[in-house]
Amino acid sequence: MLWHKDRDLRGADCVILPGGFAYGDYLRAGAVARFAPLMESVAAFANAGGLVWGICNGFQILCEAHLLPGALTRNTSLEFRCIPTWLRVESVDSGFTAGCARGDVLQIPISHGEGRFVADEETLAMLEREHRVAFRYVRRDGSAVDGESPNGSMHDIAGIVSERRNVLGMMPHPERACEPLLGSSDGMQLFNNVAKLLSGNGVMPVAAVS
Amino acid sequence: MTSVQFAAVSDADLAEVALTRTEYLHLVEGLGREPNRLELGIVGALWSEHCSYKTSKPLLRTLPTKGPHVLQGPGENAGAVDIGNGLACVFKIESHNHPSAIEPYQGAATGVGGILRDIFTMGARPVALLDSLRFGPLDEPHQRHLFDGVVAGIGGYGNCIGIPTVGGELYFDESYRTNCLVNAMCVGIVEQGKLTLATASGPGNLVLLVGADTGRDGIHGASFASVVLDADSAARRPAVQVGNPFLEKCLMEACLELAGDPRVIAMQDLGAAGLCGSTAELAHRGGCGIEVDVARASRRETGMTPYEVMLSESQERMLIVAKPGDVRSLQEVFERWDLHSDVVAVILPEQRFIVRDGCDPVCDLPLDLLVDGAPPRGAPGPRPEGPPTVTAAGIPPPPWTPDEAILQLIGSPNLGSRESVYRRYDHQVGDATVILPGGDAALVRVGGTSLGLALATDGNSRYTALDARQGAMIAVCEAARNVVATGAKPVAVTNCLNFANPEHADVWWDLHDAIEGIGEACRALEIPVVSGNVSLYNDTGGTGIDPTVVIGMVGVIDDVAQRCTAGFRDEGDLIALVGPVEAELDGSEYQRLAHGVNAGAPPRLDIDLERRVQSFIVEAVSAGLLHSAHDCAEGGIAIAIAESCLLGDIGAWVGIDELGQGEGLIIGEAGILFGESQSRFVISFAREALVRLHELAGRHSVPFRGLGSVGGERVCVTGCIDVSLVDVRRAHEGALIERE
């Protein structure tokens, strides 16, 4: 666990920005946290190709910090949503998803009030073209929700990766889906993927090493 | 004393601090002089019903508060019980009704903030929140406004601070039209050795005020909560505080870092009556005195008087008692969390409550008179003769077929799905919620152990309105049943007693009877009461709420892997009813919906049978015999079966002939289907378990009747009900959705 006021990443192999309400998020989710002293080091680490994983509030912070494109705005329902969701793995060329197969459906819950991914048409087209949409909200059976996602995200986007595939931002909480006792263990796959990559057994995706 | 001295006190002055003339004279007598204005305000706050419990204290003394697991009973910020593994579970429920009626979002949010502080003040890390809510009929725009605001406020605070809201209850009734109820419960865990008390000691020790600066918000909150609401109540909005959950998060982490630290002699949060209430209670518990210097408290605003500083209910503040030599090092801990702290008081050897404003002494009161001196209020009059009994007899039932009746009931605001509420609460943060909201009780695992805490709140005010004593007993039993349905054993109770104006004899006697009922049920079930709260004066313009007893129950299951849930599970499983079959419709949800009245007597309760039924369920779950167990509550057997179908997403076929046989009852009769007889569970299990369950039921002498089996996509009761699960779900899920 790294302290927000520190700047030293203490040799971390992968930085995870977890969920929560950093500094209360009274203004706009992640808007204050991006200025935390630690974030300077995180940005430098990401820009150097280090693995950075933003989950929920972490994703919001990464967008605010411009380490990922787009923004996360209030859910179209204008209400907080804590519900199970199903994600289709759309891209497997990042270290986070390398162990999954394209089209896999993962049951992972969301818990947020500001999770609607928005971006301009150009950015959306780029994300699609470059296969940078990591996860999309789908129905339980894997079929498309066609705009009916739990937060109204454009293109039903639940998670995206950076151009170099070393930064992942996602609104759903994989850490809440790591044991059957809590309803799903699908999220564990993502942690296993990262662990495998870091232990040297995984193949670093081409984009990340180039 | 200085310039604040004044001669005669007017009725208006007394009304402002909510003291009666008799109480004032009692104060003057005890003091041997007239109080100054500040003293009068301080006494008014501490002698308010909210702080002094002057009406309820003599009654509450009768409750059973001891037991082999009790580590801390009533009197501290919260109760604590031993749950094994060297851990204590700390919990309490508290009302925030009056503020929520005026400003629903902040009222509810600060209610959550306040109950959280009560728990982490004891050194315990909060692990779960529950909320018991009551409003008037939801089709009225104002009620929708209150409901939406309260739900948003609970979510806004709980989600932000990161404590899961795992359960609670929600009812709508005419009686809450002008007085909504918002009761918040918090549950925390602490190593027993780190349990921290709010008992000051050591004259010369210093008192740190940590957290938010003091502002003008919430002045007179305690007095406000102790009078009836009126047309001017909206003008009292300044008496409602504003919450800052992020500040509380920092305060919580800092306080938990210090739990068990020998430098911390005592910890006390600031709640009702602000600095005044907290300093007085802290010193009083320790049998010492305290001298507060208001000039040392950091302010949010300029020009605040000592009176305002002492009575401000600004949120997110905490007091820490420490030796002078430890103060600086403690302040450093708080500074790491960006928390400001001031030394505002010193502990005195003699039991006095002294307030200074810099060099000026502005208040000097005997502490005992201040904290314990409010004259207790007894019965305002003899027990009134019961009002003419309302009866449903003359009112013909609506021409509902049983199919229509079940859909009407399951789609009604009181029985409909709560999903649209709890999806707005983060109920999973912390990765410990094993049974999510929507079933009988939530189950939260205890980190680092196999233990689970089953948590529920319950209280059916229709029953207490008809018979406070019986209704209160049922509330205890039902809360226990919710916990038992998971396989957990109930260990202790917290309670929130919401009543109207106790100066009316009928209300006072209802309070008296309800406390008696809680006591009797808790003694019979051997579940001690370890904490609680009383909220009186839930009355607006002479219209009071029905007596409402909310029981918060904590149960422990040794191994969460053994837990049982309420939803039917496997095709072909057998369904059985455990408990009695009677055809009682009085006080039921069906009676209210179908006949539009709440009449007669609440369901009968055989407390000894109740105990046996609960033991049977706990034993059956721990033996691994059950696939589901669901408490049979509002809406009776038919609704319990439908709910188990919805939760398991599978149908059921029930032959209700079994129920009527030999009882002289008519099959398909509303009383059998929807009557709310007590001490019952609907269970399901694999066929192979039947013999052992029969045998177990015999050993516990509990009625056990096979009902049918699990399967298909319809809810069928032979000869009367046959509805598709899709239709049942549609009705259930639409119950709280706003109709355009």
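Strands 15 (residues 442-445) and 16 (residues 452-458) of chain B form a hairpin with 6 residues between them, and B:Gly448 in the turn has a positive phi of about 80 degrees. Strands here are DSSP E runs of at least two residues, and helices are H or I runs of at least four, numbered from the N terminus. The model is predicted: local features need pLDDT of at least 70, side-chain atom pairs count only at pLDDT 80 or more, and totals for chains, interfaces and linings use all residues. Residues are numbered from 1 along each chain as its sequence is written, with chains lettered from A and ligands numbered from 1 in the order in which they are written.

The two hairpin strands pair in the antiparallel sense over 4 bridges (pairing requires at least two DSSP bridges), and B:Val444 stands opposite B:Leu453. Strand 16 of chain B also pairs with strand 21 (residues 548-557) of chain B, again in the antiparallel sense, over 7 bridges; there, B:Thr457 faces B:Gly552. Of the 7 residues of strand 16 of chain B, 7 are buried, so this strand is largely enclosed by the rest of the structure. A residue is buried if 20 or more other C-beta atoms, placed from the backbone, lie within 10 Å of its own. B:Leu453, B:Leu455 and B:Thr457 point one way from strand 16 of chain B, and B:Gly452, B:Ala454, B:Ala456 and B:Asp458 the other.

Turning to the chain contact, 16 residues come from chain B and 15 residues from chain A (C-beta atoms, placed from the backbone, within 7 Å). Helix 8 (141-161) and helix 10 (245-258) of chain B each supply at least two residues of the chain B side, and helix 8 of chain B gives the most, with 3 residues.

How values were computed: Contact = placed C-beta atoms within 7 Å. Buried ≥ 20, exposed ≤ 12 C-beta atoms within 10 Å, placed from the backbone.
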